[in-house]
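Thanks for coming. I will talk through one protein chain, and you can follow along in the viewer.

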Amino acid sequence: MITGGCLCGATRYAIDAPARYTSYCHCEDCRKASGAPVVAWTFFPSGSLEWPSARPATVVFADRERTFCPKCGTPLSFFDPAIPGEFEVTTCSLDHPENFPPQDHNWSLDRLPWFETTDSLPRHATFTPQ
Ligand SMILES: [Zn+2]
Ligand SMILES: [Zn+2]
């Protein structure tokens, strides 16, 4: 079981499947929703996510569903109907984010000019399904 949760501890999740893919997202929507220059995501197969504590709050924007802790606002999960069969959680809400290093960069087109990483991971201009 892979576990994670929010800053205040009110909203916890558990995932009963191995991670399928990990990626940085530089898109403007992720930046706005997180308040951070980039968001690392970890992808899992649909149907493997449980909320053993409080249910998260849900916001649907541009047809995509994002969940947050209703008490502290930590961004937790993401679902895009254009990417059926899987969902994502914010890698840094996982209890052990060190085990889920990003494999590449998506939406490099939107990358902020003052934000740079020194890795040599593949960089995709938009979202490239893996
Ligand atoms: Zn919380
Ligand atoms: Zn994004």
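Start at the hairpin of S7 and S8, where six residues lie between the strands. Within that hairpin, Gly-73 has a positive phi near 85 degrees. Before going further, note that this is a predicted model, and every value I quote is computed from it.

The two strands of this hairpin run antiparallel, with four bridges between S7 and S8, the latter covering residues 75-79. To find one of those pairings on your screen, pick Thr-67, whose bridge partner in S8 is Ser-77.

Now stay on Thr-67 and look toward strand S6. In S7, Thr-67 is the bridge partner of Thr-58. That pairing belongs to S6, residues 57-61, and S7, residues 64-68, which are antiparallel and joined by five bridges. So far, then, S7 pairs with S6 and also with S8.

The hairpin of S6 and S7 has two residues between the strands. Which residue there takes a positive phi near 55 degrees? The residue is Ala-62. Here the positive value occurs in a residue other than glycine. Ala-62 sits in the loop between S6 and S7. Is Ala-62 buried or exposed? Ala-62 counts as exposed, because there are 6 C-beta neighbours inside 10 Å, and the cut-off for exposed is 12 or fewer.

There is another case to set beside that one. Trp-107 has a phi near 60 degrees, again positive and again in a residue other than glycine. Trp-107 is in the segment that follows strand S10, which is residues 105-106. Trp-107 counts as buried, because 22 C-beta neighbours lie inside 10 Å, and the cut-off for buried is 20 or more. To put the two side by side: Ala-62 is exposed, whereas Trp-107 is buried.

Next, please turn to the beginning of the chain. An open sheet there has three strands in the order S1-S2-S5, paired in the antiparallel sense. Its edge strands are S1, residues 2-5, and S5, residues 49-50, and each of them pairs on one side only.

Take the S1 side of the sheet. Four bridges hold S1 and S2 in an antiparallel pair, and the bridge partner of Gly-5 in S2 is Arg-12. The hairpin of S1 and S2 has six residues between the strands, and Gly-9 in this hairpin takes a positive phi near 90 degrees.

On the S5 side, S2, residues 12-15, is antiparallel to S5 over two bridges. One position to check is Ala-14, which has Glu-50 as its bridge partner in S5.

What do the side chains do along S2? They alternate: Tyr-13 and Ile-15 point to one face and are buried, while Arg-12 and Ala-14 point to the other face and are not buried.

Last, the chain as a whole. It contains one helix and 10 strands. Read from the N terminus, the order of elements is β-β-β-α-β-β-β-β-β-β-β. The radius of gyration is 14 Å, close to the 14 Å that the globule rule gives for 130 residues, so the chain is as compact as a globular protein of that length. Along the principal axes, the C-alpha atoms fill a box of roughly 40 × 30 × 25 Å. Buried residues are 30% of the 130 residues. Of the contacts with a separation of 6 or more, 56% are between residues 24 or more positions apart.

That is where I will stop.

Note on methods. Residues numbered from 1 in each chain as written. Chains lettered and ligands numbered in written order. Predicted model: local features only at pLDDT ≥ 70, side-chain atom pairs only at ≥ 80, totals over all residues. Pairing = 2+ DSSP bridges. Rg over C-alpha atoms; globule rule 2.2 N^0.38 Å. Contact = placed C-beta atoms within 7 Å.
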